[in-house]
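Here's a quick briefing to read with the structure open beside you. Have a look at the model, then work through the points by topic.

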Amino acid sequence: VSTQSTGDLKQVVIKLATEASMKSFRLCYVTLSTEESIALAHGLACQSSLNSFHFCHNSVHANGMKFIFSRLEGCPLEELVLDDNSAELVNLKALLPYTQKLRYLSLSQNAIGISGLDNLCSALKGNCTLRCLRLDCNELGMKGSELIASLLNITNLTSLSLSG
């Protein structure tokens with residue numbers, strides 16, 4: 001399922017609720033109210049096969065993101081792309097339970113900061129499946145470089161992107 005319009009959201013939620021074997025979901029460039037986020041979260045709750053979730057360049061209230069993340073529990077996510085949603089919206093602490101099976105994680109353009117990177121590094125300590133991590137345009141500085149260097153020692157990353 002893929003959409004770039006909140007006008008299509010009702011159709012998307014219906015499709016999510018009726019097709020429980022969906023493998024991939026992409027929602028980009030939309031603005032969602034808390035109520036729309038809750039509706040989307042309820043649709044996602046029906047997805048026990050979802051392994052790819054792209055949620056990029058969106059404007060969503062932090063409470064809406066909490067609902068959405070809470071419904072991803074139990075999904076065998078291998079690919080998670082959350083580019084350009086801002087640090088408050090990405091809420092890395094809410095993301096942590098879903099990192100253990102990830103192969104690809106992109107958090108570019110989120111201004112995650114040192115505390116967000118520190119939380120992410122802690123969550124990834126036990127992860128042996130992550131191969132690609134994208135943190136482009138997050139301005140992590142020297143302390144961020146140190147955290148990333150320690151992350152490289154405890155993961156099996158084969159691709160790391162820190163551009164911008």
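What follows is a short tour of a few helices, a strand residue and a loop residue. Keep in mind that this is a predicted model. We start with helix α7, which covers residues 141-154, then look at its partner α6, and finish with some spots elsewhere.

**Helix α7: length and sides**
- With 14 residues at 1.5 Å a residue, α7 should span 20 Å, and its end C-alpha atoms are indeed 20 Å apart, so the two agree.
- Gly144, Leu147, Ile148 and Leu151 are the buried ones here.
- Those residues sit on the same side of α7, because they cover an arc of only 100° around the axis.
- Flip to the other side of α7 and you'll find Met142 and Asn153, both exposed.
- As for what the buried residues of α7 pack against, that's α6 (113-124), β8 (132-134) and β9 (159-161).

**How α6 and α7 sit together**
- The axes of α6 and α7 come within 10 Å and cross at roughly 5°.
- Angles under 35 degrees count as roughly parallel, so α6 and α7 are roughly parallel to each other.
- From the α6 side, Ile114, Leu117, Asp118, Cys121 and Leu124 do the meeting.
- On the α7 side, their counterparts are Lys143, Gly144, Leu147, Ile148, Leu151 and Ile154.

**Leu157, just past α7**
- Leu157 lies in the loop between α7 and β9.
- Its relative accessible area is 16%, which is under the 20% cut-off, so Leu157 is buried.
- Leu157 and Leu130 are 27 residues apart in sequence, yet their C-alpha atoms are 6.0 Å apart in space.
- Setting aside residues up to four places away in sequence, Leu157 touches Leu130, Arg131, Cys132, Leu133, Leu151 and Leu152.

**Ser52 in strand β4**
- Ser52 belongs to β4, the strand made of residues 52-56.
- Ser52 counts as buried because its relative accessibility is 9%, and the cut-off is under 20%.
- The Ser52 side chain makes a polar contact with the side chain of His54, at 3.5 Å.
- Ignoring neighbours within four places in sequence, Ser52 is in contact with Lys23, Ser24, Phe25, Leu77 and Glu79.

**Helix α2, another one-sided case**
- Which residues of α2 (residues 34-44) are buried? They are Ser37, Leu40, Ala41, Gly43 and Leu44.
- These cover an arc of only 160° around the axis, which puts them on the same side of α2.

Definitions and conventions:
Residues numbered from 1 in each chain as written. Predicted model: local features only at pLDDT ≥ 70, side-chain atom pairs only at ≥ 80, totals over all residues. Heavy atoms only, no water. Helix = DSSP H or I, 4+ residues; strand = E, 2+ residues; numbered from the N terminus. Expected span 1.5 Å × (residues − 1). Buried < 20%, exposed > 50% of the residue type's maximum accessible area, 1.4 Å probe, protein only. Arc of directions from axis to C-beta. Contact = heavy atoms within 4.5 Å. Polar contact = N/O pair within 3.5 Å; in protein donor to acceptor, adjacent residues only side chain to side chain. Axes fitted to C-alpha atoms, helices over the stretch in contact; angles between N-to-C directions. Parallel < 35°, antiparallel > 145°, perpendicular 65-115°, else oblique.
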